[in-house]
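Let's walk through this one together, going from the overall make-up down to individual side chains. Keep the viewer open as you read.

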Amino acid sequence: MACQSRRRTLFVASFFAAVVAADINVFVDPAYVLQFAGTTLASQAQDYIVSRAPSLAALGPWSVRNQTILPGSNNPKDYLSWAPYWWPDCNWCLNNSTSTSNSASYSTASSSITRRADIDDAGRLDWLHERHLDRNGNAAVRHRFLARAASTTKKTTTSTSKKASTTTKKSNTTTKKSSTSTRKSSTSTKKLSTTTSSKSSTSTKKSSTSTAKSSTTTQKVSSTTKKSTSTTTSSRGTTTSSSTRTITTTISTTSLGSGTASFSTTSTTNPRSSTTSSPTTSTGTPYPSGCRPSPTTPLPPSATWTTCPYIRKDGQVNPDVRAEIFDTTWITQLSESVFYSTLGAATGRYPQGYTEAARHIRTWFINSVTGVNPNLNWGQVIRGPGSDSQGGQYIGILDYRWMAKIVNAVLIMRSARAPEWTSADDAALIAWAKQYLVWLTTSTLGKQDAASKNNHATFYYNQLAVLHVLVGNKTAAVNSLNTYFNGLFRTQIIASGEQPEESARTLPGHYQAFNVEAMVVNARIGDYLGQNYWVKTTSQGATIQTAVNYLMQRAVNPSTANASPSYNTNEIAPHVAVVAAAYGDPTGKYGVWLRDVVFATGQGYQAQPWWFYAQPESLPYSPYGRGVATRARSYPAYTYTPTSISVSTTPLPTTTGADGGAT
């Protein structure tokens, strides 16, 4: 148990460390990138980007075809993700007479697990923890678990109910002898309602509880295997599930840029293919408190996905969302890789950056074999039993918020006239984007997302605007941003700077910062299109700056004693920097605040990658950036020396400029 606890702690720590290390979503004017990349402007931030780009590119290429679990469409080219805040609520029956909310309870706060009396929990949760440590996303651990489960189950044959009853009595005798409990076994034996098993091997497992050190529960293991289905029947109920569909696909293609990429997909499973009967006793009456029959054989984790109802726990990420489904992780890595690769190439210090970016975009989007379909019909699926489950939700559109970075990378390659990004590549991506735009604006999920009131809709307009830019329809892009800033935006921030829709959540600081991130991207896209959305106000007179000021007053460094995980300086700092660039910092308050932030990287704010994007020159239509653009500050070329990056504690410059802001 000590080893398992340590594994759980390591997983939770690494999971959240990875989240913290991820860069923000952003859009940067390509003209700014090509003018200032490789100069002394924000040189430490550029050092970080260039050093990070090769390792990110090496993680790819990425393709949805590598996902080993299929969506409900059974189409391996459809994107799939699971809703992260939804958890199984199995409510297993105990001893056929009592019930308990018996789902495995993960606590990310304490890095611990509470196991209840579900006979399957021990095997299933051990499998999950091993799976978390399987960093490469392969199926080796799955196979080990299934092999271990199979080794505990002997072959069975069909017999009469009389023989099954005799076997049960022998089982009880064996349990009585082996049990460490002093409690006597019940002398009454319930008649079995089926005739599906005999000569079954008895498996005795110990289950820990808070009131007794040990007790032994005997589970009768029986199975009848057919080619396409397997049925387990007992006095606790009947569960029928169709067999796992297995596909072995090897994809090799030489049209992915420089070199060949190989994709292998094995053990592909469609969780929708399982159904579960109503939880009733052998007489057909419901179990007490509506509990569900406890399984009588070791079950793989996939059984939970279609057997147990799922409930929402806001802000609590179910670990198996990232341990089983990788499309969300892959699109995040892809976006950061292609963005950093093009920035690195623009500096002249990562010459293969355009090649890597073009190759990865082709693989994910436009290659005929590995490319993803232009929809998110299976984004953030909420699992559970019944035909109404296993479908995508409008919240899944959030998974593609990274389109801003991906399109940004394409625009940088276009502006640089990079030969690595061909006219055929461009035409193919435009065709894909047009199809996705149709889905985004006409599908039920797309319409629901646009009608939402919080960060989901704000990020929706990120995608809508930037995709219109990609396909060459700048008028539609401006119209999309006008719709947002003249509509939803006006309701999102009150006079104090608080965002009511986000502050009502379990992590108010995090969700407010998250929504500001989306607001900033919308304003940045507008800047690129010659629009000034920085001065847009809500119905109570608040701007993006007002929202950031509100968060600044509440944020504390993560290292502070009893620091709240909600208002985190590391999460808010990029927005403070961009507000200083857009609105100016005449009193130096933003610079001082950034100077005092303790970053997870151990470096100062000037060594963070977003510092390169948070310069007034990158925002030529913002209130302060407009004045800087008219003064045309110039920077010499930056001569890079491979030395360690120093920690800068220099505050932002506060010399008053022509527009009353800081220079």
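The protein's secondary structure comes to 22 helices and 14 strands, where helices (H or I, at least four residues) and strands (E, at least two) are DSSP runs numbered from the N terminus. Bear in mind that this is a predicted model: local features need pLDDT of at least 70, side-chain atom pairs count only at pLDDT 80 or more, and totals for chains, interfaces and linings use all residues. Residues are numbered from 1 along each chain as its sequence is written, and side-chain values use heavy atoms, with hydrogens and water left out.

Of the 663 residues in the protein, 53% are buried; buried means under 20% relative accessible area, exposed over 50%, and partly exposed in between, with a 1.4 Å probe and protein chains only. Take the contacts with a separation of 6 or more: 72% of them come from residues 24 or more positions apart. Contact here means heavy atoms within 4.5 Å.

Now for the covalent side of things. Searching the whole structure turns up one disulfide, which is to say a pair of cysteine sulfur atoms within 2.5 Å. Its partners are Cys-90 and Cys-308, with an S to S distance of 2.2 Å. These two sit in distant parts of the chain, 218 residues apart: Cys-90 is in the loop between β1 (86-88) and β2 (93-94), and Cys-308 is in the loop between α7 (302-307) and β14 (310-312). The link is right-handed, with 100° about the S-S bond. Are its ends buried or exposed? Cys-90 is buried at a relative accessible area of 2%, and Cys-308 is buried too, at 0%.

Next, helix packing, with α9 (residues 327-347) as our first stop. The axes of α9 and α11 come within 8 Å and cross at roughly 25°. Axes are lines fitted to C-alpha atoms, for helices over the stretch in contact, and angles run from 0 to 180 degrees between N-to-C directions. So α9 and α11 count as roughly parallel to each other, given that angles under 35 degrees are roughly parallel, over 145 roughly antiparallel, 65 to 115 roughly perpendicular and the rest oblique. Their crossing is left-handed, a label used if the near helix is turned anticlockwise from the far one by less than a right angle, with right-handed for clockwise. Among the α9 residues in this interface are Ile-331, Leu-334, Val-338 and Phe-339, and α11 brings residues including Ile-406, Ala-409, Ile-412 and Met-413.

Helix α9 also packs against α3 (residues 43-57), at an angle of about 125° with the axes 8 Å apart. That makes α3 oblique to α9, and this crossing is left-handed. On the α3 side you'll find, among others, Tyr-48, Ile-49, Ala-53 and Leu-56, while α9 offers residues including Tyr-340, Leu-343 and Gly-344.

The stretch leading up to α11 has a polar detail to look at. Asn-367 lies in the loop between α10 (353-366) and α11 (403-415) and is buried, with a relative accessible area of 8%. A polar atom of the Asn-367 side chain lies 3.1 Å from the backbone nitrogen of Thr-370. For reference, a polar contact is a pair of N or O atoms within 3.5 Å; within protein, one must be able to donate a hydrogen and the other to accept it, and residues adjacent in sequence count only if both atoms are side-chain atoms.

Further along the chain, look at α18. Eight of its eleven residues are buried, so the helix is mostly covered. Those buried residues pack against α15 (474-492), α17, α19 and α20 (589-595). At the N-terminal end, Thr-543 caps α18, with a side-chain oxygen 3.2 Å from the backbone nitrogen of Gln-545. The axes of α18 (residues 544-554) and α19 (residues 569-583) come within 10 Å and cross at roughly 140°, and the two helices are therefore oblique to each other. This crossing is left-handed as well, and its contacts involve Val-548 and Leu-551 in α18, with Ile-572 and Val-576 among the residues in α19.

Finally, Gln-512 lies in α17 (residues 508-528) and is buried, with a relative accessible area of 0%. Its side chain puts a polar atom 3.0 Å from the backbone nitrogen of Gln-499. Leaving aside neighbours within four places in sequence, Gln-512 is in contact with residues including Gly-497, Glu-502, Tyr-567 and two from the helix we just visited, Tyr-550 and Leu-551.
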